[in-house]
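Student: I have a structure open and would like to talk through how its elements are described. Could you help me with the reasoning?

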Amino acid sequence: MSDPIIPDVVLTDNTSQRLPCVLVLDGSGSMAGESIRELNAGLKILEEELKVDDTAAQRVQLLVIRLGGDDDVEIVADWTDAMEFSAPTLEANGRTPLGNAMLMALDKIEGQKQNYRDHDIPYNRPWVFLITDGEPTDLNWEDAAADCRQAEEDNKVIIFTIGTEGTDFDKLKQFSNRSPVKLEGLKFKELFLWLSRSASSGSKTAQDTAVQIEAPDDWGVIQT
């Protein structure tokens with residue numbers, strides 16, 4: 001994972017401050033049917049909403065990781081400014097390697113931070129959104145979860161965990177120092193509208209300013 005994160009020309013042409021956001025999305029077999037269709041529709045809404053906000057379009061950078069297959073993890077959209085982002089279409093199959101996916105997210109974030117520094121690009125603290133409908137199936141997920149919490153404590157990243165009906169929230173909450181949110185039904189569209197509003201707001205804050213993110217209202221319930 002030492003390859004260049006994004007082409008130099010992107011950071012040379014657009015020197016705006018960045019808000020890096022990683023979406024870690026469950027594409028396991030249990031998401032088949034309406035769940036994956038609604039998730040894909042939500043991703044398209046995120047694309048459209050960020051593109052109509054001139055500041056967010058230039059400042060928000062997105063990376064999308066899909067987990068599924070035989071404990072596989074794949075990058076389905078590498079670092080891209082929101083103005084150039086094209087929502088991927090996810091398929092549902094396989095298992096739920098949450099630990100491996102989150103470790104990839106942390107690794108990609110640290111690589112992108114170095115890329116920013118190499119180009120003198122200021123950036124906000126990165127966000128990671130983990131969305132799942134199940135529980136981790138990889139063997140070392142607890143170690144990965146501990147790494148996630150430590151990264152938050154070290155102010156390297158902010159992690160949001162979101163689960164649908166059927167998620168093991170006791171396990172999900174181990175991936176972040178923040179309480180997970182339970183999605184109401186299949187309100188992925190409402191979730192991604194909230195995410196786009198949050199990212200738009202976050203993209204306008206100064207580099208070292210804490211971002212106040214609104215609580216989920218019409219799409220989820222915080223699990224304590």
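Student: Which residue in β4 does C21 stand opposite?

Tutor: That is W127, and do keep in mind that this is a predicted model. C21 stands opposite W127 in β4.

Student: What makes β1 and β4 a strand pair?

Tutor: Pairing needs at least two bridges, and five bridges join β1 (residues 19-26) to β4 (residues 127-132). Therefore β1 and β4 count as paired, and they run parallel.

Student: How do you know that β2 pairs with β1?

Tutor: Eight bridges join β1 to β2 (residues 60-68), and the cut-off is at least two, so these strands pair as well. They run parallel, and the bridge partner of V22 in β2 is L63.

Student: Why is β1 called mostly covered?

Tutor: Buried means under 20% relative accessible area, and eight of the eight residues of β1 are buried. L19, C21, L23 and L25 point one way, while P20, V22, V24 and D26 point the other way. In a regular strand, side chains alternate between the two faces of the sheet.

Student: Now the helices: why is α2 called roughly parallel to α7?

Tutor: Helix α2 (residues 34-51) and helix α7 (residues 188-202) pack at an angle of about 30°, with their axes 8 Å apart. Angles under 35 degrees count as roughly parallel, so α2 is roughly parallel to α7. Their crossing is right-handed.

Student: Which classes of residue make up the contact of α2 with α7?

Tutor: The contact has eleven nonpolar, four polar and three charged residues. Among them, L39, L43 and L46 are in α2, and F188, F192 and L195 are in α7.

Terms used
Residues are numbered from 1 along each chain as its sequence is written. This is a predicted model: local features need pLDDT of at least 70, side-chain atom pairs count only at pLDDT 80 or more; totals for chains, interfaces and linings use all residues. Side-chain values use heavy atoms; hydrogens and water are left out. Buried means under 20% relative accessible area, exposed over 50%, partly exposed in between (1.4 Å probe, protein chains only). Helices (H or I, at least four residues) and strands (E, at least two) are DSSP runs, numbered from the N terminus. Axes are lines fitted to C-alpha atoms, for helices over the stretch in contact, and angles run from 0 to 180 degrees between N-to-C directions. Angles under 35 degrees count as roughly parallel, over 145 as roughly antiparallel, 65 to 115 as roughly perpendicular and the rest as oblique. A crossing is left-handed if the near helix is turned anticlockwise from the far one by less than a right angle, and right-handed if clockwise. Contact means heavy atoms within 4.5 Å. Ala, Val, Leu, Ile, Met, Phe, Trp, Tyr, Cys and Pro count as nonpolar, Asp, Glu, Lys and Arg as charged, and the others, Gly among them, as polar.
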